[in-house]
Amino acid sequence: MLFATLEHILTHISFSTISIVITIHLITLLVRGLGGLRDSSEKGMIVTFFSITGFLVSRWASSGHFPLSNLYESLIFLSWALYILHTIPKIQNSKNDLSTITTPSTILTQGFATSGLLTEMHQSTILVPALQSQWLMMHVSMMLLSYATLLCGSLLSAAILIIRFRNNFHFFSNFFSDFYAKRSALKSTSVPSFPNYYKYQLMERLDSWSYRVISLGFTLLTIGILCGAVWANEAWGSYWNWDPKETWAFITWTIFAIYLHSRTNPNWKGTNSALVASIGFLIIWICYFGINLLGIGLHSYGSFILTPK
């Protein structure tokens with residue numbers, strides 16, 4: 001009862017905070033020069049992060065297993081992973097190029113998870129026999145961390161395509177200060193006189209970040225798939241069953257393997273590789289969310305239907 005009450009309180013705190021952060025984030029995107037509001041948004045993100053962390057720890061203590069047994073818990077963990085990515089550049093004292101991607105991603109994921117659409121999954125349940133394994137934490141956490149990382153990298157690649165094919169570059173000037181210098185420094189330079197130069201610099205920086213993030217995500221995805229194969233052999237007697245989830249995980253792995261391989265070819269580096277990564281963004285959501293909506297196959301534990309078919 002104590003843990004259930006604590007989880008309820010933390011969920012409401014995170015939902016209320018994320019609602020305020022969404023409002024602040026929209027205002028800062030529409031109106032420039034509101035540094036104070038941006039700082040408030042960051043503080044709201046910190047509050048949300050600690051609320052999510054407290055929720056995961058509380059759910060873990062009350063259920064006796066790592067909270068990754070259904071779609072609701074996995075969405076909470078996914079938003080937690082996105083925030084971790086959000087803080088990495090700050091820990092390294094580098095310019096937080098990822099914040100433009102990670103902030104709205106975290107907000108939307110956490111907002112959806114706590115919006116009430118997944119109310120039936122809010123209560124912790126006893127794991128079915130197939131999930132009662134130490135591989136649950138290793139496999140599922142690696143997959144979700146890879147999803148979070150690959151989603152961010154794919155969105156960075158999508159930003160490259162938007163900049164590349166957009167005739168008017170002024171829309172992106174709001175983000176320029178985050179990538180290169182303080183606003184005061186920008187005022188002393190002739191940014192409007194060299195739009196193509198700064199457009200090229202921004203695309204190169206986004207391309208570099210996208211490659212680094214996707215490389216990390218691809219490594220995590222590979223580890224997650226290998227762990228899943230070992231677990232599948234223990235649970236079902238076969239390393240690979242071409243289950244819908246497994247099939248789409250393989251398609252996801254193949255898409256990003258093509259992306260990484262295309263980066264070795266100078267003719268494919270840039271726009272072409274960014275297009276491949278952008279396709280990967282859609283593939284990830286099909287693999288993670290689309291299959292869960294259908295609730296079919298051996299991985300139906302993560303669907304809206306809590307009992308396996």
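**Reading salt bridges and a helix pair**

Mentor: Let's start with one pair: the side chains of Arg263 and Asp207 meet in a salt bridge, 2.3 Å from N to O. This is a predicted model, where local features need pLDDT of at least 70 and side-chain atom pairs count only at pLDDT 80 or more, while totals for chains, interfaces and linings use all residues. Residues are numbered from 1 along each chain as its sequence is written, and side-chain values use heavy atoms, with hydrogens and water left out.

Trainee: What is a salt bridge?

Mentor: Side chains of opposite charge can pair when their charged atoms come close. The cut-off is a side-chain nitrogen of Lys or Arg within 4 Å of a carboxyl oxygen of Asp or Glu.

Trainee: Which parts does the pair of Arg263 and Asp207 tie together?

Mentor: Arg263 lies in the loop between α9 and α10 and Asp207 in helix α8 (residues 195–236), so the pair links parts 56 residues apart in sequence. Helices here are DSSP runs (H or I, at least four residues), numbered from the N terminus.

Trainee: Are Arg263 and Asp207 buried or exposed?

Mentor: Both Arg263 and Asp207 are buried, meaning under 20% relative accessible area with a 1.4 Å probe, protein chains only.

Trainee: How many salt bridges does the whole structure have?

Mentor: The search finds 2. Glu73 and Arg59 also form one, at 2.5 Å from N to O. Glu73 sits in helix α3 (residues 71–91) and Arg59 in helix α2 (residues 35–63), so this pair joins parts 14 residues apart in sequence. Both Glu73 and Arg59 are buried too.

Technical notes. Helices (H or I, at least four residues) and strands (E, at least two) are DSSP runs, numbered from the N terminus. Buried means under 20% relative accessible area, exposed over 50%, partly exposed in between (1.4 Å probe, protein chains only).
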